[in-house]
Every structure is written in structure tokens, then in C-alpha cells.
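Subject: Structure handover

Hello,

I am passing on the structure we spoke about. Please look at it before reading the notes underneath.

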Amino acid sequence: MSENAMAVVILAAGQGSRMQSDLPKVLHRLGGVPLVGHALAAAHSLDPEQIVVVTGHGAPAVAKAIARLDPEAATVLQPEQLGTGHAVRQALPALEGFEGRVIVLYGDTPFISPETLAALASHPSDLVVLGFEAEDPGRYGRLIVTALGLDRIVEYKDADAATRDIALCNSGVMALDAGLLRRLLVRLTNDNASGEYYLTDLPALARAEGHRADVVICDEDETLGINTRAELAAAEAAFQARARARAMEDGVTLTDPASTFFALDTVIGRDAIIGPNVVFGPGVTIESGAEILPFCHLEGCHVSAGATVGPFARLRPGAELGGDVHVGNFVEIKNAVLDEGVKVGHLTYLGDAHVGEHSNIGAGTITCNYDGVSKHRTVIGPRAFIGSDTMLVAPVTVGADAMTGSGSVITQDIPDGALAISRARQATKPGLAVRLMTALRAAREAR
């Protein structure tokens, strides 16, 4: 174990009753991912050896989300919510043998910066608390600081009037050595107004043992916690404003920044152009020089340099667009690879497919990939020409340089260079249209 080893404990057990929701608070989405995903991302900025998430309310759903977001993170259960100190104590078995620094984060506090966490991790004191100067201290716990460092934390319920006048507030985030954490947690009592085991009692206990406690101060905005739907909406607005500003600083053109929405992990290269009303779900990478036209929705996809998407296109998970690909209006791509130079102009669905380079996909083409039980794959070779309104009934392969006639239903493989046509023969009845319309008008007049 390295001398600067880090472990992170994320507290995610609360019910969040003020959200008025059956969904656990930490699973409400911000920037396209659950709130707890932001805490996990912050934790990873420290390159920790271990991450332990303490669950409670809705534990099965939270644990399932954690497994999807970060398979290597451990989850433990706090069966009764008896306070933050009690919650951290549930994580101790998962940290057995760890001797580095432990940082305690919260699953509903999404904006703590990597720089702030690095300051906590590298601070020389045995115990460090993250504090902030509050414009309106409200019901936050207060930090009592003397010349000898942090003396103690006083919860609002337990504070007298003079203490409540202090503007330096406790964020709840704390860093301390693992051995000290183990010793102090067992000494916590619930002799307070809430009858809970407070993590905030640890600084006073540490000082009583002769350890120094200190405070790292951050901007109040970093400590924003989410407790209501209104706060969630405000946090979303703050997240999007930061994401838009960062994208433009990195050389991305946002035609209408206010109507562009990012996810936590959106990656966009310089000189990419993003039109109005574009929504990025999780897992999107846009390479330099690509263009996303207005009213597109992208999730779990990769768009290569020089590609254009939209307007009104949808890229679903597994969509991989090569260089100079064009995906036009009302096109949906799912779990499909489009090699360099492919053109899919409009009104098309490509799912579970691989389209070879420089192929042209006509309007109205559909890969019929689902038979009601299983998904099947369509393979289209390079330089193929798929006529408009072609139904490709998977599994099926269209060879290189092959073609399909418009309106065809393709159920068999097409060899390289071949033309496949599958449609009913046209029958033309001279004069029949006029006779039918005359009869219909007569029938209407008779009524």
C-alpha cells in the first residue's frame, strides 16, 4: 500500500423525504446520471484504492445503480439511519487493513471540485473538515476555529445564539487517517438533540487525543446539497451552465448554449459545432470537427471527425459513426457501426448493423432486427447502395458493391456486386381509376 493511499466513503443511505419521491434521493438524475454518480466521479479524481458506498433507504436499487456506475465500488448497508457517524461505522469492515487517509463524501452533494478534494487529501493535519463561508448560514453546523486549528463542530440544533452567528459552516465532508477514524468512531455517543451518532463529534475527540484538526475552505457553491425538487432543478441549471462554459472554453461552438444539454461524461473535441436544442445523454464522445445539427438526441455513442448528424436524428447506445459519415433528419441508429463515408440521409432505422465504408442508405430503409424474441444483425458491405424503402430482414448480409431495388423486402443474403429486387409485380388497369371515382361520387349523391 502506498504512503499516500486514499479510500473514499460515500454516504448514500438517506431517504430524502423532502423530494416527495419513492425513488431514493441519490438516484435522482443530474446531468444525465444519478446524483451518486457525481460523488463517484469526484472520488475517482483522487485515484483511491477503495470506494465504499453506504446504502440504506432503497438499498437494493442504490446498490444496483452503483454496480452499473462503478463495478469496483463496494456497497454496505446501514440498516437503521442513526446518524452520519453510525453510517461511516458500517463501512469499517470493508476498509479492514487499509491504513491510508479516508475521505467521507455525500451522495447528494455533486459539485465538490477535484482541486478541493486534493487539498483535503494532501493536508498535513490528522483530521481535516471542509468548510465554507455561508451567505445565509441557516441550519448548517458551525465550525469553531481557534489559533490551534478546528476546535469543534456544533450542530445547529445544539448551538446557542452566539454560535449561530458564526458564518463558517460545515459541509459534512471530512478527511482523516484510517487508524484515527477507527478509534474515534467507537467513542461516539448519541447524547445530543437528535439522538444520533454525529460524525461532526470527531474533531473534538481527535483534539482530546492530542491530534490537530483543521479546516479547508471552499466556495459555498461546491457544497450545494440536494434535498428538494427545486434544489435539484437549480443544481441542473448550475451543472449545465458550467458544462456549456467549459465546452466553449475548450473550443466547441455552441450555436445556442442555453438549449444545449450535457451529461456528466460528455466529451466533445475542439472545433466541433453543436446546433440548437441538442441533448447529450450519458456516454457520448464527439470528435473534433464533427457537427451535430439542431434537435438531436445522443446517448452512448461515438461520432468521428468530420461526421454530421441531424437535424432531428437520434443516436442510441452502441452507435459508432466513422469519419465523414452523414446521418440526416429523422434517422435513428442503435448498436450499429457506420464506417467512413456512409450516407444515411433521412427517415431510416439502422439497429444491430454494420455498414461498410461509402455505402448509401436510401430513405425509409429499416433493418428488421427483432423477431419478438431475439435481436439479429444486418451486415452491409462497402460501397453498397440500398434503395429507398428497403426492409432488411435480419440476419442478412448485403455484399460489397451490391444494390437493392426500392421497396424491396430482403430476406436472403445478396452476393458482392449483385442487385436484389423483391416486390410485387405492378398491374395497370386502363381507365379503372376514372370508373371507380365516378361510381363513388354517384354513391355519395344517392345518400
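The notes below go through the domains, the cores, the salt bridges and two single residues.

Please keep in mind that this is a predicted model.

Domains

The protein chain is split into domain 1, residues 6–222, and domain 2, residues 229–420. Their centres, taken over C-alpha atoms, are 42 Å apart. Where the two meet, 16 residues of domain 1 are in contact with 13 residues of domain 2. Together the domains bury about 1100 Å² between them, and 63% of that area is on carbon and sulfur atoms. On the side of domain 1, Met-19, Gly-31 and Phe-111 lose the most area to domain 2, and together they make up 42% of what that side buries.

Which kinds of polar pairing cross this interface? The rule finds 4 residue pairs in polar contact there, both residues being at pLDDT 80 or more, and 0 salt bridges. As for the elements involved, strand S2 (29–30) and helix H1 (35–44) each supply at least two residues of the side of domain 1 that touches domain 2. The largest share of that side, 4 residues, comes from H1.

Arg-242 sits in helix H8, which covers residues 229–249. Leaving out residues up to four places away in sequence, Arg-242 touches Phe-111 and Asp-221. Phe-111 is one of the domain 1 residues named above for losing the most area to domain 2. Arg-242 counts as partly exposed because its relative accessible area is 33%, and the range for that class runs from 20% to 50%. For a sense of distance, Arg-242 and Ala-61 are 181 residues apart in sequence and 29 Å apart in space, C-alpha to C-alpha.

Cores

The largest nonpolar core has 69 residues, and the members that touch the most others are Ile-10, Ile-103, Leu-105, Leu-120 and Leu-202. Strand S1 (residues 6–12) gives the most to this core, with 7 residues. A second, separate core holds 54 residues, among them Cys-296, Ala-313, Val-396 and Ala-420.

To take one member of the largest core, what does Leu-120 touch? Not counting residues up to four places away in sequence, Leu-120 touches Arg-101, Ile-103, Val-128, Val-129, Leu-130, Val-173, Ala-175 and Val-216. Of these, Ile-103 is also listed among the core members that touch the most others.

Salt bridges

Side chains of opposite charge can pair when their charged atoms come close. The structure holds 12 salt bridges, and I describe a few of them here.

The side chains of Asp-108 and Lys-25 meet in a salt bridge, at 2.7 Å from N to O. This pair links distant parts of the chain, 83 residues apart: Asp-108 is in the loop between strand S6 (101–106) and helix H4 (114–122), and Lys-25 is in the loop between S1 and S2. Are these two residues buried or exposed? Asp-108 is buried, with a relative accessible area of 14%, and Lys-25 is buried too, at 10%.

Arg-383 and Asp-401 form another salt bridge through their side chains, at 2.8 Å from N to O. Arg-383 lies in the loop between strand S27 (378–380) and strand S28 (385–386), and Asp-401 lies in the loop between strand S30 (396–398) and S31, so the pair ties together parts that are 18 residues apart in sequence. Arg-383 is partly exposed at 42% relative accessible area, and Asp-401 is partly exposed at 39%.

Arg-152 forms a salt bridge with Asp-151, with the closest N and O atoms 2.7 Å apart. Arg-152 is partly exposed, at 36% relative accessibility. Asp-151, Arg-152 and Arg-207 are joined into one network by salt bridges that share partners.

Ser-408

Ser-408 lies in the loop between strand S31 (403–404) and strand S32 (409–410). Ser-408 is buried, with a relative accessible area of 0%. A polar atom of the Ser-408 side chain lies 3.1 Å from the backbone nitrogen of Ser-422. Apart from neighbours within four places in sequence, Ser-408 is in contact with Asp-389, Thr-390, Met-391, Ala-420, Ile-421 and Ser-422. Ala-420 is also a member of the second core.

Regards

Terms used
Residues are numbered from 1 along each chain as its sequence is written. This is a predicted model: local features need pLDDT of at least 70, side-chain atom pairs count only at pLDDT 80 or more; totals for chains, interfaces and linings use all residues. Side-chain values use heavy atoms; hydrogens and water are left out. A nonpolar core is a set of buried Ala, Val, Leu, Ile, Met, Phe, Trp, Tyr and Cys residues joined through side-chain atoms within 4.5 Å. Buried means under 20% relative accessible area, exposed over 50%, partly exposed in between (1.4 Å probe, protein chains only). Contact means heavy atoms within 4.5 Å. A polar contact is a pair of N or O atoms within 3.5 Å; within protein, one must be able to donate a hydrogen and the other to accept it, and residues adjacent in sequence count only if both atoms are side-chain atoms. Domain bounds come from an automatic or database domain assignment. Buried area is the accessible area (1.4 Å probe) that two parts lose on being put together, summed over both. A salt bridge is a side-chain nitrogen of Lys or Arg within 4 Å of a carboxyl oxygen of Asp or Glu.
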